[in-house]
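Subject: Handover of a structure

Dear colleague,

Please find below the structure that I am passing on to you. I would ask you to keep it open while you read the findings that follow.

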Amino acid sequence: MKKYFLRSATIALILVYLVVFAGAFVRLTGSGMGCPDWPKCFGYYIPPTQEKELLFTAAKEYDKGQVIIKDESLLVAKKDFISKTTFDASDWESYTKHDYAIFNPLHTWVEYINRLFGALAGVACIITFILSFWYWKENKKLIVLTFLVCVLMGFQAWLGKTVVDSVLNPVKITTHMLAALLIIAFQLITIYAVKKDKQSLLFDSKFNWFLILSLVLTLVQIVLGTSVREHVDTVSETGAPEVLWLQNPSISFYIHRSFSIIVLLVNGYLFLRVRKLNLGFGAINWVLFLLVIEIISGIAMYYFDFPFGTQTIHIVLATLLFGVQFYMILQSNRQKIKL
């Protein structure tokens, strides 16, 4: 079963990135409250496609926990029952976690697909954890690592629930994002522990320290970026057109924009040092490529009023950049990090 471990861990990592992409698309389309309850969606395992399915219907069989929209509020079935010809309030109770009671089929299914990817990623992580037991004799740390990933996936799912219950609280959204990065980091450590790295790499202390600095700067940029996005969300919810979303930005926007120059300079230095000393870190090319596209997408959002898809691209590229940089740190410290 060992031969399936690396494949399973890689699939799990890809699925986590798909969750990140789906989550970014959820934010792009404003679908975060497409499913107002959790883990079901309006009380269904497979959500409705039409609003009439969420309106009270006479002589219909309702299951306990099923949700309807009545008088612009959510009601939850107290038990399994068949409805009468007229609405009976005693069969229902109010949904108390929030008062968001809007059905939009696009938002609902975008959010549902996001949750579906999350569930698939969770299953892949559990399978990887099970397969890790075949390494019991030679590397028990793999079992611990894959178990931590499973725990973090559970924590991430719980965070997703709190985000919905809080009606997209900005702080919880940021925590949700950082938890995803932590999961990616543990998955990369797991993959690197069993992967045979065929690259001929040279250790350079100065390069290693600047590499760590570049990762820290990326994390700072991600946090600043989520702060900017929170401001954009607040303005966009007022119904203002895209051209006004960053007309009066918060201070975090200016820091985020200026900070990108520092990030570019640091990674540019890393690129030149790899070339000058022939260190062998080919992934630095990907870092610069991702960083340039990241900056271009940021410029497009500011100067061209948020072209469709640029917000999603911006977020996904940031997580990909983090992953490549973190993997390079593992490569650089391969003699120090014993897994």
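**Helix α6 and its partners**

The buried residues of α6 pack against three other helices, namely α5 (205-236), α7 (283-303) and α8 (310-332). The residues of α6 that are buried are Ser252, Phe253, His256, Phe259, Ser260, Val263, Val266, Asn267, Leu270, Phe271, Arg273 and Val274. Helix α6 covers residues 251-277, and its 27 residues should span 39 Å at 1.5 Å a residue; the C-alpha atoms at its ends are 39 Å apart, so the expected and the computed span agree. Just after α6, Asn278 adopts a positive phi of about 55 degrees.

**The model as a whole**

Please note that this is a predicted model. The mean pLDDT of the chain is 88, and 97% of the residues score at least 70. Among the elements, helix α2 (residues 105-131) has the highest mean pLDDT, at 93, while helix α4 (residues 170-194) has the lowest, at 87. As a rule for reading any such model, predicted coordinates should not be read in detail where pLDDT is low.

The chain contains eight helices and five strands. Followed along the sequence, their order is α-β-β-β-β-β-α-α-α-α-α-α-α. Along the principal axes, the C-alpha atoms fill a box of roughly 80 × 55 × 25 Å. The chain has 339 residues, of which 49% count as buried. The exposed area of the chain is about 17,700 Å², and carbon and sulfur atoms supply 67% of it. Of the contacts between residues at least 6 apart in sequence, 71% join residues at least 24 apart.

**The nonpolar cores**

Which residues have the most contacts inside the largest nonpolar core? They are Ile184, Phe207, Phe326 and Met328, in a core of 57 residues. Helices α1 (2-29), α2, α3 (141-165), α4, α5, α6, α7 and α8 each supply at least two residues of this core. The helix that gives the most to this core is α8, with eleven residues.

Phe207 offers a good place to look at this core. Leaving aside neighbours within four places in sequence, Phe207 is in contact with Leu270, Arg273, Val274, Leu279, Phe281, Met328 and Ser332. Of these, Leu270, Arg273 and Val274 are also listed among the buried residues of α6.

Apart from the largest core lies another core, of 13 residues, which includes Ile69, Leu74, Tyr95 and Tyr112.

**The cysteines**

How many disulfides does a search of the whole structure find? The search finds one. This disulfide is formed by Cys35 and Cys41, with their sulfur atoms 2.0 Å apart. The angle about the S-S bond is -85 degrees, and the link of Cys35 and Cys41 is left-handed. Cys35 counts as buried because its relative accessibility is 0%. Cys41 counts as buried as well, because its relative accessibility is 1%.

Why does Cys125 not form a bond with Cys150? The closest cysteine sulfur to that of Cys125 is the one in Cys150, and it is 5.7 Å away, which is too far for a bond. The cut-off for a disulfide is 2.5 Å between the sulfur atoms. Seen from the other side, the sulfur of Cys150 has Cys125 as its closest cysteine partner, at that distance of 5.7 Å. Cys125 has a relative accessible area of 3% and is therefore buried.

**Two further residues**

Gly34 lies in the loop between α1 and β1 (61-62). Is Gly34 buried or exposed? Gly34 counts as buried, because its relative accessibility is 3%. Not counting residues up to four places away in sequence, Gly34 touches Cys41, Phe42, His107, Thr108 and Glu111; Cys41 is one of the two cysteines of the disulfide. The C-alpha atoms of Gly34 and Pro170 are separated by 17 Å, and these residues stand 136 residues apart along the chain.

Gln156 is found in helix α3. With a relative accessible area of 12%, Gln156 is buried, since the cut-off for buried is under 20%. Beyond its neighbours within four places in sequence, Gln156 is in contact with His176, Ala179, Ala180 and Ile183.

With kind regards

Terms used
Residues numbered from 1 in each chain as written. Predicted model: local features only at pLDDT ≥ 70, side-chain atom pairs only at ≥ 80, totals over all residues. Heavy atoms only, no water. Buried < 20%, exposed > 50% of the residue type's maximum accessible area, 1.4 Å probe, protein only. pLDDT = per-residue confidence, 0-100. Helix = DSSP H or I, 4+ residues; strand = E, 2+ residues; numbered from the N terminus. Expected span 1.5 Å × (residues − 1). Contact = heavy atoms within 4.5 Å. Areas by Shrake-Rupley, 256 points an atom, 1.4 Å probe, with all protein chains shown as cover. Core = buried A, V, L, I, M, F, W, Y, C linked by side-chain atoms within 4.5 Å.
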